[in-house]
Amino acid sequence: MKSRVMFLIAASLMFVSNLTYAYAVSLVNASFESDTPAGGGWSGTAGTTDGQWKPSLATGWTGAGTYGTWRPGTGMFGSIPDGVQVAYLGSSSSIAQTTAEILQAGYTYTLTVMVGTRDNAAVGGTDASFAGGKIELLADGNVIDFVTSTTPAQGGWVSTQLIFTATNLTAGLGKALTVRLSGLTGGIQTNFDKVSLTAVPLPAAAWLFGSALLGLGWARRSRPRQQEVLCA
């Protein structure tokens with residue numbers, strides 16, 4: 001009987017572990033490396049592809065305003081978070097991607113994005129006005145949560161994270177999650193890189209189920225003792 005109880009305990013803990021395991025939600029071109037701009041120096045402008053600026057992103061992202069893939073020149077940043085390219089967004093511009101992940105009550109979603117600011121002075125230019133960025137989660141056109149970043153130091157990056165737990169009252173349940181990145185009003189440019197989204201399903205329900213299994217095990221263990229007392 002003791003071995004049966006231990007088996008139930010192990011099974012319940014394994015079940016809980018599996019249900020509370022965070023998994024990565026698939027994003028297309030999450031670090032903006034798929035769409036390589038033409039040219040070797042900064043000579044591109046919005047609407048052209050003659051330099052390191054390309055005003056369209058690879059499949060998976062759609063945009064509004066001034067946006068594109070950018071391969072920064074040497075010295076623009078101390079380093080690039082992932083790869084050699086970043087997303088380039090003008091003031092109040094945005095890019096978005098709808099995932100295959102369905103918004104569900106009880107799930108916790110974590111969106112993490114690197115937000116950066118170029119350093120013009122490092123390459124002999126004059127630093128202009130820059131602002132931070134905004135990251136959002138949407139479902140069925142509804143903004144379910146958002147976070148704005150701090151303004152990164154010139155040539156630097158800040159990690160910006162949004163953590164949201166859906167409830168039965170969350171708008172857009174049962175619809176696909178959309179990630180949206182926006183440049184804040186007031187700055188001439190915002191850069192984004194290394195976008196990731198993870199989900200953790202039903203931790204509360206998992207623990208309740210595990211507790212039920214444990215209770216069943218203890219009930220089975222105590223039943224023979226009660227029968228022995230009655231026979232005596």
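Strands here are DSSP runs of at least two residues, numbered from the N terminus. With that in hand, one spot to look at in this predicted model is Ala58, which sits in the loop between strand S2 (53-54) and S3. Is Ala58 buried or exposed? Its relative accessibility is 14%, and buried means under 20%, so Ala58 counts as buried. Part of its surroundings comes from elsewhere in the sequence: Ser34 is 24 residues away along the chain, yet the two C-alpha atoms are 6.0 Å apart in space. Once neighbours within four places in sequence are set aside, Ala58 is in contact with Asn29, Ser34 and Asp35.

The loop that holds Ala58 leads to S3, and S3 takes us to a sheet. This is an open sheet of 5 strands, in the order S3-S6-S11-S8-S9, and the pairing is antiparallel. Strand S3 (62-64) and S9 stand at the edges; each has a single partner strand, so one side of each is left without a neighbour in the sheet. Going from one strand to the next, the twist averages 25°.

Now for S8, which has S11 on one side and S9 on the other in the strand order. Strand S8 covers residues 133-139, and 6 of its 7 residues are buried, so the rest of the structure largely encloses it. How many bridges join S8 to strand S11? There are 7 of them, and the two strands run antiparallel, with S11 spanning residues 176-183. One example is Leu137, whose bridge partner in S11 is Val179. Towards strand S9 (residues 142-148), S8 is joined by 6 bridges, again in an antiparallel arrangement. Here Leu138 has Val143 as its bridge partner in S9, while Ala139 stands opposite Asn142. S8 and S9 form a hairpin with 2 residues between them, and Asp140 in that turn has a positive phi of about 55°.

The S8 and S11 strands also share a charged pair. Side chains of opposite charge can pair when their charged atoms come close. The structure holds 1 salt bridge, and in it the side chains of Arg180 and Glu136 meet at 2.7 Å, N to O. This pair links distant parts of the chain, with Arg180 in strand S11 and Glu136 in strand S8, 44 residues apart. The two ends sit in unlike settings: Arg180, at 26% relative accessibility, counts as partly exposed, whereas Glu136, at 4%, counts as buried.

Asp193 tells another story about charge. This residue lies in strand S12 (residues 190-200). Asp193 is buried yet has no salt bridge, and the nearest side chain of opposite charge, Lys194, is 7.9 Å away. What is Asp193 in contact with, then, leaving aside its neighbours within four places in sequence? The list is Ala30, Ser31, Phe32, Ile80, Pro81, Asp82, Gln85, Val86, Val113, Met114 and Trp157.

Last comes Phe164, found in strand S10 (residues 157-165). With 13% relative accessibility, Phe164 counts as buried. Its C-alpha atom is separated by 6.9 Å from that of Asp145, although the two residues are 19 apart along the chain. Beyond its neighbours within four places in sequence, Phe164 is in contact with Tyr107, Thr108, Tyr109, Ile144, Asp145 and Thr170.

Technical notes
Residues are numbered from 1 along each chain as its sequence is written. This is a predicted model: local features need pLDDT of at least 70, side-chain atom pairs count only at pLDDT 80 or more; totals for chains, interfaces and linings use all residues. Side-chain values use heavy atoms; hydrogens and water are left out. Buried means under 20% relative accessible area, exposed over 50%, partly exposed in between (1.4 Å probe, protein chains only). Helices (H or I, at least four residues) and strands (E, at least two) are DSSP runs, numbered from the N terminus. Two strands pair if DSSP finds at least two bridges between them. Lys and Arg count as positive and Asp and Glu as negative; His and the chain ends are not counted. A salt bridge is a side-chain nitrogen of Lys or Arg within 4 Å of a carboxyl oxygen of Asp or Glu. Contact means heavy atoms within 4.5 Å. Axes are lines fitted to C-alpha atoms, for helices over the stretch in contact, and angles run from 0 to 180 degrees between N-to-C directions.
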